[in-house]
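Me: I've got a protein model open and I'm not sure how to read it. Can you walk me through a few features?

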Amino acid sequence: MNLKQKALSGLLWDYSGQVINMVITFATAVLLSRFLEPEMFGLIGMVSIFTTLAYMLTNFGFGSALIQDQHVSNKDLSTVFYFNIVLGLLLTMLLFVLAPVISTFFNQPALVKLIKFMSLTFLISSLNIIPISLLSKDINYKAQMLVEITAAFGGGLFGIIMALNGFGVWSIATQILTLNLIKTGLLWYVQKWRPSLEFDIDSLRRLLGYGSKIFGSQAIATFFAQLDNLIIGKLFSASVLGYYTRGKRFQELPVQSFSFALRVFFPVLSKMQDDQDRMRSAVLKSTKMVAFLVFPMMAGVIILAEPMVRVLLTDKWLPSVIYIQLLSIVGVTRPLSSLYLNIVRATGRVDILMRLELVKQSISLIAMVGGVLTAGVIGLVLGRVISGFINFILNIHYCGREVGVSVSAFIEEIAVTLILTVFMWLLFFLFQTSTEFDNYTQFFGGLFAVPLVY
């Protein structure tokens, strides 16, 4: 199978799997939201600030380094494996010790036990880096998708059963931990590589040369991606954070699934890194494809947000609607940014990413802090939307120029799709404001009507 066939097969498996995984995750989120109260999701949102950061630290950029390097040895893999285990253990211990401090910061005594329990995910996740990297390097997304689907189903089922039996916030925490346990076990079952008793400091230094730069940019991006939760959790109640995180999560699910599917382009583009014309052609074609699928999907989320919340989550979650709609506006940029950032990672010019992230996140910080001080949570969200579009243009400009894709060339690729999407949204807006249908008709009818009209 040649590279193009492997890429298409990998993309098909990855995207199909992400759709199935999204359906399972969405169904789990809906059921848990119906059974549990907003403040419980707010507490998990506070914990997730630190668990997400720690999870990113367990990777340390090695995953990308192993995929980008075309001459990785068994000694390299074993070295990274042992390093990650030690790092995961240290992070678990650190968060265990810091749990009372974090609890005091948010003035939420219930966080202490939650943080200690969920800190175990770092140790578990540290075991995943090698099998995921090897499967990705081989563009074997079929195995990865089967693992992720099984883990999502198993974790979701366990969490729902616990919620039905009155375990409250522990239902969500246990769902996350169970999902990670199942995923880790299955990854080691499908990926037959096993570590040897080797550890080479030179291998570590070589891989860190690339991985540390990836890690630096990811660390900055991850921290600022969690900054909204930190600000809202500190300044407002757990319920407010619960509404925000649910809205953010329901908006992110389709975008995140598509962004994950685009990870297939990193190993593919890495193999093209010495052929700029070929890479440029692949990027332009991919831009058009991503825009064609993502733009109407996010427009549909905006159109159907209110009836979706009323039908699936019940009226107690209505404050989340505005967050879903506003964040969906900027959500269209995430998959395209993912594609263009993969260009830089694939070409090895990761020094650009660190500088770019510092500039982008400085913009985001100013916008969010200014927004929350002037208009509360809504102001913070508007700040994210505005800064998100500014940062998106920066991504296109600095990443695209690595393969000769200008902002104007990018606009040419997406122009027709953007016009069609805006026209579709206007039709539905006029329809919704001039007719009166019940929520069930609006939601389920819209699920068929949106793609049909588009």
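Reply: Sure, and keep in mind that this is a predicted model. Let's start with helix H7: Ile129, Ile130, Pro131, Ser133, Leu134, Leu135 and Ser136 are its buried residues.

Me: What does that say about where H7 sits, enclosed or not?

Reply: Buried means under 20% relative accessible area. In H7, which covers residues 129–137, 7 of the 9 residues are buried, so the helix is largely enclosed by the rest of the structure.

Me: How do I find empty space in a model like this?

Reply: Rolling a probe the size of a water molecule over the atoms shows where empty space is left. Here, the largest pocket has a volume of about 540 Å³. It is lined by 21 residues, and Met297, Gly300, Val301, Leu304 and Leu447 are the closest to its centre.

Me: Which helices supply at least two residues each of that pocket's lining?

Reply: Helices H1 (3–35), H12 (238–261), H14 (276–313) and H19 (439–453) do. H14 gives the largest share, with 8 residues.

Me: And how do the lining residues divide into nonpolar, polar and charged?

Reply: You get 19 nonpolar and 2 polar, with no charged residues in the lining of the largest pocket.

Me: Now the outside. Which residues form a nonpolar patch on the surface?

Reply: Look at Leu418, Val422, Trp425, Leu426, Phe429 and Leu430, which together have about 530 Å² of accessible area. Leu418 lies in helix H18, residues 407–434.

Me: Why does Leu418 count as partly exposed?

Reply: Partly exposed is the range between under 20% for buried and over 50% for exposed. Leu418 counts as partly exposed because its relative accessibility is 41%.

Key
Residues are numbered from 1 along each chain as its sequence is written. This is a predicted model: local features need pLDDT of at least 70, side-chain atom pairs count only at pLDDT 80 or more; totals for chains, interfaces and linings use all residues. Side-chain values use heavy atoms; hydrogens and water are left out. Patches are made of residues with over 30% relative accessible area and no salt bridge: like charges are joined within 9 Å, nonpolar side chains (Val, Leu, Ile, Met, Phe, Trp, Tyr) within 5 Å. Accessible areas come from the Shrake-Rupley method with a 1.4 Å probe; for residues, only the protein chains shown count as cover. A salt bridge is a side-chain nitrogen of Lys or Arg within 4 Å of a carboxyl oxygen of Asp or Glu. Helices (H or I, at least four residues) and strands (E, at least two) are DSSP runs, numbered from the N terminus. Buried means under 20% relative accessible area, exposed over 50%, partly exposed in between (1.4 Å probe, protein chains only). On a 1 Å grid over the protein atoms alone, a cavity is a set of points where a 1.4 Å probe fits but cannot get out, and a pocket is an open set with protein on both sides within 12 Å along at least five of seven lines; lining residues have an atom within 4 Å of a point. Grid points are joined across faces, edges and corners, and a volume is the space filled by probe spheres set on the points. Ala, Val, Leu, Ile, Met, Phe, Trp, Tyr, Cys and Pro count as nonpolar, Asp, Glu, Lys and Arg as charged, and the others, Gly among them, as polar.
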